[in-house]
Amino acid sequence: MAAMDGFDHILNWKLKAGSHPFPGKDGGTCINEAALVAAGFDYKPICRVGEMPECFSRPICRFAMWLNDMASDTERQRLLPFVTRLACADTRTVECVRERYIATHVGHGFTFEQGLDILEGVLAIGRRADSLAPETVTARMAGVQSRATRATSVSDEPFFSKIKGWFGAAKQTEATH
């Protein structure tokens, strides 16, 4: 598992499940949305991995998104050290090797801890993300947080929670039919 060394600067950024219209002063985004900001891109909600810029590995971002959304709130924060490592897209061949690596290690189920090990292992394949100075990442993340008008992500507001609840109920109904 990646050490937390050098990541104290993003520990005030809270990772949350799902996509978010705009982060709050606490961060309040998924891992891929945080990775966008850390890599220097403008913030935007990410609902699908295909919405990530081309420099991000699709298999790695897909797996990171899945881990992010399946984790408990406490577990999810352990994904923060990976935020600066997702912009590592490589050749089609390497991306296929990464996809196979994930598929063969996921199997029929795994714990969150095993998921972190899988993420660490797949990040060791192919090109690594460019190293970012902690000060650079801090400035980028703080810049987005400073533009937030709310303490938490807009998606945490009761109105958005109610809408998310409606869609969740609709999905459950569709699944039973």
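At what angle do the axes of helix H4 and helix H5 cross, and within what distance do they come? The axes of H4 (residues 92–106) and H5 (residues 112–123) cross at roughly 155 degrees and come within 10 Å. The model is predicted.

**Confidence**

Average pLDDT for the protein chain is 80. A score of at least 70 is reached by 75% of the residues. Residues 1–9 stay under 50. The model still gives residues 1–9 20 contacts beyond four places in sequence. Residues 167–177 are also below 50 in pLDDT. That stretch has zero contacts beyond near neighbours in sequence. Where pLDDT is low, predicted coordinates should not be read in detail.

**Helix packing**

Two packed helices are described by the angle between their axes and the distance between the axes. Three pairs are listed here.

| Helix pair | Angle between axes | Axis distance |
|---|---|---|
| H4 and H5 | roughly 155 degrees | within 10 Å |
| H2 and H5 | about 165 degrees | 11 Å |
| H1 and H6 | roughly 115 degrees | within 8 Å |

*H4 with H5.* The angle is roughly 155 degrees, and H4 and H5 are therefore roughly antiparallel to each other. Their crossing is right-handed. From H4, the contact takes Arg-98, Tyr-101, Ile-102, His-105 and Val-106. From H5 come Asp-117, Ile-118, Gly-121 and Val-122. By class, these residues are five nonpolar, two polar and two charged.

*H2 with H5.* The axes of H2 and H5 lie 11 Å apart, at about 165 degrees. H2 is therefore roughly antiparallel to H5. H2 passes H5 in a left-handed crossing. H2 contributes Ile-60, Phe-63, Ala-64 and Leu-67. H5 contributes Phe-112, Gly-115, Leu-116, Ile-118, Leu-119, Val-122 and Leu-123. This contact has 10 nonpolar residues, one polar and no charged. Ile-118 and Val-122 of H5 serve in the contact with H4 and in the contact with H2.

*H1 with H6.* Helix H1 covers residues 31–38, and helix H6 covers residues 134–146. Their axes come within 8 Å and cross at roughly 115 degrees. Ala-34, Val-37 and Ala-38 of H1 meet Val-137, Arg-140, Met-141 and Val-144 of H6. Six of these residues are nonpolar, none is polar and one is charged.

**Arg-58 in H2**

Which backbone oxygen does the side chain of Arg-58 reach at 2.8 Å? That oxygen belongs to Met-52. A polar atom of the Arg-58 side chain also lies 3.0 Å from the backbone oxygen of Phe-56. Arg-58 itself sits in helix H2, which spans residues 58–70. Leaving aside residues up to four places away in sequence, Arg-58 touches Val-49, Gly-50, Met-52, Pro-53 and Glu-95. Met-52 thus appears among the residues touched by Arg-58, and its backbone oxygen is reached by the Arg-58 side chain. Glu-95 is also among the residues touched, and helix H4 spans residues 92–106.

Notes
Residues numbered from 1 in each chain as written. Heavy atoms only, no water. Axes fitted to C-alpha atoms, helices over the stretch in contact; angles between N-to-C directions. Helix = DSSP H or I, 4+ residues; strand = E, 2+ residues; numbered from the N terminus. Parallel < 35°, antiparallel > 145°, perpendicular 65-115°, else oblique. Left-handed = near helix turned anticlockwise from the far one by under 90°. Contact = heavy atoms within 4.5 Å. Nonpolar A, V, L, I, M, F, W, Y, C, P; charged D, E, K, R; others polar. Polar contact = N/O pair within 3.5 Å; in protein donor to acceptor, adjacent residues only side chain to side chain. pLDDT = per-residue confidence, 0-100.
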